[in-house]
Amino acid sequence: MKIKANNANSPIWKEVYAHSQLPKELQPLHEIATNLWWVWNHEGAKLFGSIDKELWRSTEGNPVLMLQSLSYNRLKEIMADKEFMAEMKKVHANFKAYMDVKPDKTKPSVAYFSMEYGLTNVLKIYSGGLGVLAGDYLKEASDSNIDLCGVGFLYRYGYFTQSLSLDGQQIANYEAQKFNALPLTQVMQADGEPLTLEVPYPGRTVFVHIWKVNVGRIPLYLMDTDIPENSEWDRSITHQLYGGDWENRMKQEYLLGIGGIMMLNKLGIKKQIYHCNEGHAALINAQRLVDYIQNEKLTFNEALEVVRASALYTVHTPVPAGHDYFEESLFGRYMGEFPAKLGISWQDFIDMGRENPGSNEKFSMSVFALNTCQEANGVSWLHGKVSQKMFAPVWKGYFPDELHVGYVTNGVHLPTWAATEMKKFYLEKFGKDFFNNQSDKTYWEKVYDIPTVELWELRVALKKKLIEYIREQYRGNWLKSQGDPSKVVSILEKINPNALLIGFGRRFATYKRAHLLFTDLDRLAQIVNNPERPIQFIFTGKAHPADGGGQGLIKHIVEISRRPEFLGKIIFLENYDMRLARRLIAGVDVWLNTPTRPLEASGTSGEKAEMNGVLNFSVLDGWWYEGYKEGAGWALTDKRTYDNQQYQDQLDAATIYHILETEIIPTFFDLNETGFSEKWGQHVKNSIAKIAPDYTMKRMLDDYVARFYNKLATRSAHLTDHQYAKAKEIAAWKEEVAEHWDHFQVESFTCSDDITVNGPVIGNEYTFNLVIDRHDLKGMLGAEMIVTRENPETHSTDIIRVNPFTLKKEEGTKLYFELTASPVQAGNIQMGFRVFPENKELPHRMDFAYVRWIQL
């Protein structure tokens with residue numbers, strides 16, 4: 001019998017990672033490496049870099065991977081190096097002293113939820129500004145001793161790495177992260193097995209592993225579904241940040257909200273405040289409601305009082321289209337079981353995510369957040385105003401300016417974004433206590449005592465550092481993507497530390513208007529080709545893979561940069577990440593920002609530049625609307641001349657050229673006999689003294705504590721004391737008012753003069769008398785007169801004044817009100833009167849926005 005050929009099965013592989021095991025003597029290195037404290041404390045990064053400079057560079061500054069890659073012989077050499085060992089012990093002692101500081105119990109504890117965190121380029125769980133802001137927030141919470149924990153995702157592929165094709169087309173590369181080579185640890189059970197969270201999804205359970213990132217004193221817990229226990233369909237939930245279709249987005253936001261709260265419960269973590277960083281996390285309040293109803297036996301309305309009183313929603317998006325909306329069928333597939341858990345109907349539940357309850361609108365995560373969070377805020381003063389208008393339909397009967405939606409202007413973490421040389425400069429010139437007193441402007445004002453030449457030399461050093469970084473990092477990539485090696489060499493040689501360097505780095509969305517500079521190429525060519533006044537523009541940024549317009553813009557700029565007249569004068573740097581950002585915002589002279597107003601909610605790249613003595617040239621939008629000071633930077637007006645956006649773009653482009661030609665360039669090149677510009681130095685000093693101290697993360701975090709966290713914690717404690725007595729009382733009152741709201745009647749409403757016929761006369765006093773019979777409506781009512789005027793510039797209605805009626809007496813079910821008022825402005829005005837339920841226990845009117853307008 002012939003022996004048959006063996007049909008071998010496919011190889012079965014198990015990926016393992018062979019790495020060095022640190023000796024006991026070097027364990028402090030592992031302890032420091034697995035805490036991101038080293039990211040913003042230079043002594044930590046410097047210690048790792050001194051072990052092996054080339055390995056530190058090739059691992060992109062990842063200390064965990066670097067330590068794993070060390071040879072046994074190198075480990076022995078390190079232990080024999082007395083100088084290194086002494087430095088390690090010193091850094092470790094400083095790290096331990098920092099970590100041993102206990103949380104400040106005078107400030108509320110916080111659970112912070114975000115889809116992304118930009119903490120270091122090593123940990124690819126961020127895409128841009130939103131994530132970097134969240135990362136800075138955790139770092140400052142650590143420095144400020146806040147009892148805070150973060151919740152997010154550990155993405156297998158994160159956001160994409162960007163490269164360019166030969167013709168300048170963006171290529172998005174998704175590279176898998178190796179979790180065991182990152183500065184994080186997996187949360188384990190007592191028996192040494194991974195802690196697994198079981199999250200109920202429709203018809204199945206999704207299993208989640210939990211990882212912990214130590215951000216100084218702050219724990220950040222990250223959920224991971226890419227494990228064998230899950231189907232391929234569910235493993236991909238945490239594959240990509242902002243990837244996939246709407247169903248994948250629904251699965252992600254379900255996990256962040258529902259799974260995030262379940263994870264904290266499993267870990268035994270309970271905080272006073274629950275902060276949603278954007279609407280992605282809104283469903284945390286759905287799960288919190290279920291927990292209070294099931295565990296504390298509260299009714300839905302009682303639970304809602306408790307949840308709202310401890311919840312804050314921060315919005316970063318200035319237009320409705322930027323928010324997440326889900327079709328009812330898709331939303332119902334994932335959230336269909338929740339109404340039964342909450343004891344309400346499906347209609348009631350989905351209406352919590354609609355501006356117009358009872359309509360067929362999609363479910364809005366932002367509206368749900370507004371309905372389940374007591375407080376909400378935008379991220380700059382202007383964005384706060386924009387958000388009030390955007391959210392006004394949620395609370396009908398009130399005008400945007402009356403809404404409770406507040407603001408906290410974004411800031412940046414100074415120790416992260418100030419270059420190492422800049423931090424040394426600050427400590428030397430401002431004093432060793434400077435970083436503990438960032439909000440004290442008297443420290444920053446010491447910059448005026450510093451000779452301008454010292455600032456100039458520091459700025460030149462930072463420019464040279466940027467140029468060296470570009471030459472090291474981009475030579476190889478450019479040789480692949482540029483085609484002609486001679487052009488690459490020419491570009492690298494032409495980067496000039498004596499030139500005026502202008503930087504532009506951000507997400508390539510069309511509203512950012514990166515194209516403005518290229519509106520008139522002939523005029524631009526004249527600007528950049530003056531040999532006596534050399535100028536170079538450095539552009540960088542990614543476009544979302546689904547944003548064809550943004551990708552086309554990148555290609556357009558790359559094509560222009562390769563034209564002979566712009567070669568080496570217009571430079572595009574691919575793969576904008578935190579490493580490049582840190583070099584760029586410190587190494588250029590001017591930071592350019594040209595968004596369509598008011599679409600820049602805040603923007604923080606310009607704030608990072610501020611911390612390094614870089615001057616801003618920006619549209620008066622976002623943070624720069626507040627931050628701009630004459631003589632400390634330059635601004636494009638916030639006024640709009642044309643309704644046609646194309647015409648407005650052309651005007652703004654002409655203005656950019658004009659300000660460059662007549663102000664920025666002459667000021668920079670007004671060099672004295674020793675080779676520096678005293679005028680430019682004065683601008684830099686003004687910028688550091690008058691702008692920078694207002695845009696640190698320290699100031700931002702302090703604002704959140706003062707404006708939101710403290711009052712939320714106080715009211716939440718008040719509502720939950722004595723088995724939720726006050727929450728139950730308020731819920732019962734609201735239920736009673738809602739049931740009988742249509743029962744009260746206006747018995748009489750008169751004015752001392754018939755102003756509806758003759759119109760009010762300036763200077764005259766008018767007395768209004770109002771009698772309301774509540775009938776079976778219990779509780780107090782309030783009444784007020786609203787005077788408004790149409791604003792032709794903003795196409796909106798402005799409130800001139802609000803006059804509350806005075807309750808003169810109460811007889812049985814009747815209330816007698818009186819108001820005496822005198823008009824103060826002539827012209828066409830609108831006058832209206834409204835009645836509302838009154839209860840001193842409410843935090844603001846929007847908490848129970850019942851309103852009835854009445855006619856005089």
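What follows is a walk through some strands, aromatic pairs and salt bridges of a predicted model. Local features were taken where pLDDT is at least 70 and side-chain atom pairs only at pLDDT 80 or more, while totals for chains, interfaces and linings use all residues. Residues are numbered from 1 along each chain as its sequence is written, and side-chain values use heavy atoms, with hydrogens and water left out.

Strands come up to begin with. They are DSSP runs of E with at least two residues, helices are runs of H or I with at least four, and both are numbered from the N terminus. Two strands pair if DSSP finds at least two bridges between them. In general, side chains in a regular strand alternate between the two faces of the sheet. Strand β6, residues 196-201, has one covered face made of Leu 197, Val 199 and Tyr 201, and an uncovered face carrying Thr 196, Glu 198 and Pro 200. Its partner is β7 (residues 204-215), and the two run antiparallel with six bridges between them. Pro 200, from the uncovered face of β6, sits opposite Thr 205 in β7. Two residues separate the strands of this hairpin, and Gly 203 adopts a positive phi near 75° there.

Further along the chain there is an open sheet of four strands, ordered β21-β22-β26-β25 and paired antiparallel. The edges belong to β21 (745-751) and β25 (806-811); each has a single partner strand, so one side of each has no neighbour in the sheet. From one strand to the next the twist averages 15°, with axes fitted as lines to C-alpha atoms (for helices, over the stretch in contact) and angles running from 0 to 180 degrees between N-to-C directions. Edge strand β25 is held to β26 (residues 814-821) by five bridges, again antiparallel, and Glu 811 faces Lys 814 of β26 across that pairing.

Now for the aromatics. A pair of rings is described by the distance of the centres and the angle of the planes. Rings of Phe, Tyr and Trp (its six-membered ring) pair here if their centres lie within 6.5 Å, with planes under 30 degrees apart called stacked, over 60 edge-to-face and the rest tilted. That rule gives 53 aromatic pairs. In one of them, Phe 434 and Trp 444 have ring centres 4.9 Å apart and planes at 75°, so the pair is edge-to-face. Phe 434 belongs to the loop between α19 (420-430) and α20 (441-444), while Trp 444, ten residues away, is in α20 itself. Both residues are buried, meaning under 20% relative accessible area, against over 50% for exposed and partly exposed in between (1.4 Å probe, protein chains only). Phe 668 and Trp 680 are also edge-to-face, because their centres are 5.0 Å apart and their planes stand at 90°. This pair bridges helix α28 (residues 645-668) and helix α29 (residues 678-690), its members twelve residues apart. Phe 668 is buried at 3% relative accessibility, and Trp 680 is buried at 3% too.

Phe 434 and Trp 444 also belong to an aromatic cluster, which takes in Phe 425, Tyr 426, Phe 430, Phe 435 and Tyr 443 as well. Charges get involved with rings elsewhere: the charged end of Arg 156 sits over Phe 179, 3.8 Å from the ring centre, and Arg 707 lies over the face of Tyr 407 at 4.8 Å. The cut-off for such a contact is NZ of Lys or CZ of Arg within 6 Å of the ring centre and within 35 degrees of the ring normal.

That leaves the salt bridges, of which the structure holds 46, each being a side-chain nitrogen of Lys or Arg within 4 Å of a carboxyl oxygen of Asp or Glu. Asp 847 and Arg 308 make one, with the closest N and O atoms 2.7 Å apart. Asp 847 is in the loop between β27 (830-838) and β28 (852-854) and Arg 308 is in helix α12 (residues 300-308), so the bridge ties together parts 539 residues apart in sequence. Asp 847 is buried at 7% relative accessibility, and Arg 308 is buried at 7% as well. Asp 703 and Arg 699 form a salt bridge at 2.9 Å; both lie in helix α30 (residues 697-740), four residues or about one turn apart, and both are buried. Lys 840 and Glu 841 meet at 3.5 Å, N to O, with Lys 840 exposed at 76% and Glu 841 buried at 14%. Finally, Glu 60, Lys 124, Asp 577 and Arg 579 are joined into one network by salt bridges that share partners.
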